[in-house]
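Q: I'd like a close look at one single part, and then how it fits with what's around it. Please keep it friendly, since I'm in my first year.

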Amino acid sequence: METPGEKLRDEVRRVRSREFDFLIFFVTGQCNARCHHCFYWDHLGPTHAGLPLDKIETIAANMPEFRTLLLSGGEPTLRKDLPELVHIFLRHNRIRTVSIPTNGLQSDRIASLAERVAAIDAGLRVNFNLSIDGFAETHDRIRGVPGNFANSLATIQQLRQIAARHPNLHVLVNTVICADNHEEVVAFARYVQDEGLADEHYFEIVRGDPPDVRIKEVPPPALYRIYDEVLAIQERYLLRSVQHLRGLYRMWRQVEGLGGLLYRYRTQWAVHSRAACWPTPCMAGEVIATIDYDGLLRVCELREAGVNLAEYGFDFELARNSPLMRAERAEAKTHVCDCTHVCFVNTALRYSLRQRFLTLPWLFLRYRLAGSW
Ligand code: SF4
Ligand code: SF4
């Protein structure tokens, strides 16, 4: 277990050297849901099983050490070799966190996989992120699957029992804010907290090009009100997550946690309402990148251009330094495609010392003193 001092030194070194640190890997293009807001819908198909483990092992062996792995899809838990897949990245790249979003449909299967992933290494933080967009009727309609809400709650109950045995397993809820749920998001957020369903609850404005374009029509004032109200709810999760810490480190984690939420919501709201671009350039392709279910490497999932890893012998670094990928990451920095994707907004923030150490404390103080974000 790293001490706060060791964590800080590692962080400063990574920020300075701009080493690769975050992989979003779409491990399958198969899915058992039909969500109206899915940004990956045109990649999905019953035959899109994903790369086999031997190819994934070659990719991992040709990557540097990095800290965060997000396994996406499709529905990642449709892969029964998920624990072996995680183990590959742990062995080759010494990842510290793996996050696995899930639609929660197959409770027993998801629980069994979660137990096996959490048991790989007690030092690996394992986040299972249940995607739930509102109460039963709303959620099932958005997800296109009757009974999805009830299944997700059953999955959460099983995951929480496993988390009691494996403290490195964290149960999170992700809610996508869209035209069909924005009026009940705040009530749902209170319900999740009051029922003690999650260790943390995150909220994302719908992104990309979903099959139902109407679902992106969330009025900016409504989004503003949601962010305003969920901030207080999220702060309670934050306070709980730092209660075991002491002194200055605990204080800084609070400033960074709440300041980070304020920064993210301001940025996402500005992009959604077309009021402004990001305060700092996107780091897509440099310290964070995505691999699709078929091996296409892209700087992010929202830009279409990419190179197929198969053409580079599944050598990640070779492909990442190809002319096309260099051009893509240069363009990502120009703000031409500023989006609301939380992973990329947060990553850009992490690599800007000015935003982290000046803007975040300022946002924190202003929120504390004036209640304004
Ligand atoms: S959002 Fe996720 S669960 Fe829903 S259809 Fe898309 S990949 Fe499947
Ligand atoms: S800002 Fe552009 S490059 Fe960065 S994540 Fe968004 S779409 Fe991708």
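How many C-beta neighbours does Asn308 have inside 10 Å, and which does Asn308 count as: buried, partly exposed or exposed?

A: Asn308 has 14 C-beta neighbours inside 10 Å, so it counts as partly exposed. The cut-offs go like this: 20 or more other C-beta atoms within 10 Å of a residue's own makes it buried, 12 or fewer makes it exposed, anything in between is partly exposed, and the C-beta atoms are placed from the backbone. Keep in mind that this is a predicted model, where local features need pLDDT of at least 70, side-chain atom pairs count only at pLDDT 80 or more, and totals for chains, interfaces and linings use all residues. As for labels, residues are numbered from 1 along each chain as its sequence is written, while chains are lettered from A and ligands numbered from 1 in the order in which they are written.

So where does Asn308 sit? It's found in strand β9. (Strands are DSSP runs of E with at least two residues, helices are runs of H or I with at least four, and both are numbered from the N terminus.) Leaving out residues up to four places away in sequence, Asn308 touches Gly295 and Leu296; contact here means C-beta atoms, placed from the backbone, within 7 Å. Ala319 is eleven residues from Asn308 in sequence, and their C-alpha atoms are 7.8 Å apart in space.

Follow the chain on from β9 (307-308) and you hit the loop leading to α10 (316-320), which is home to Phe314. This residue is buried because 22 other C-beta atoms lie within 10 Å. Its phi is near 60°, a positive value in a residue other than glycine. Most residues other than glycine have a negative phi, so that's worth a second glance. His335 does a similar trick, with a positive phi near 75°. You'll find His335 in the loop between α11 (323-332) and α12 (342-350), and it is partly exposed, with 13 other C-beta atoms within 10 Å.

Now for ligand 2. Its surroundings are Cys282, Ala284, Val299, Cys300, Leu302, Arg303, Ala332, Cys337, Asp338, Cys339, His341 and Phe344, where a residue is near a molecule if its C-beta atom, placed from the backbone, lies within 6 Å of it. Sort that shell by class and you get nine nonpolar, one polar and two charged residues. (Ala, Val, Leu, Ile, Met, Phe, Trp, Tyr, Cys and Pro count as nonpolar, Asp, Glu, Lys and Arg as charged, and the others, Gly among them, as polar.) Ligand 1 has its own shell, including Cys31, Cys35, Cys38 and Trp41, and the split there is six nonpolar, three polar and two charged residues.

For a contrast with Asn308, try Phe128 in strand β4 (residues 125-131). With 29 C-beta neighbours inside 10 Å, Phe128 counts as buried. Beyond its neighbours within four places in sequence, its contacts include Ala114, Leu159 and Leu169.

Ala114 and Leu169 turn up again among the contacts of Ile162, along with Ala111, Glu115 and Ala118. Ile162 is part of helix α6 and is buried, with 20 C-beta neighbours inside 10 Å. Its C-alpha is 6.3 Å from that of Glu115, though the two are 47 residues apart in sequence. Then comes His166, in the loop between α6 and β5. Not counting neighbours within four places in sequence, His166 is in contact with Ala118 and Ala119.

Helix α6 (residues 148-165) also packs against α5 (residues 136-143), at an angle of about 105° and with the axes 7 Å apart. The axes are lines fitted to C-alpha atoms over the stretch in contact, and angles run from 0 to 180 degrees between N-to-C directions. That makes α5 and α6 roughly perpendicular to each other, a label for angles of 65 to 115 degrees (under 35 is roughly parallel, over 145 roughly antiparallel, the rest oblique). Ala136, His139, Asp140 and Arg143 of α5 meet Asn148, Phe149 and Ala150 of α6.

Last stop: helix α7 (residues 185-194), whose buried residues are Val185, Phe188 and Ala189. They sit on the same side of α7 because they cover an arc of only 105° around the axis, taken from the directions from the helix axis to the C-beta atoms. Ala187 and Asp194 are exposed on the other side of α7.

Methods
Two residues are in contact if their C-beta atoms, placed from the backbone, lie within 7 Å.
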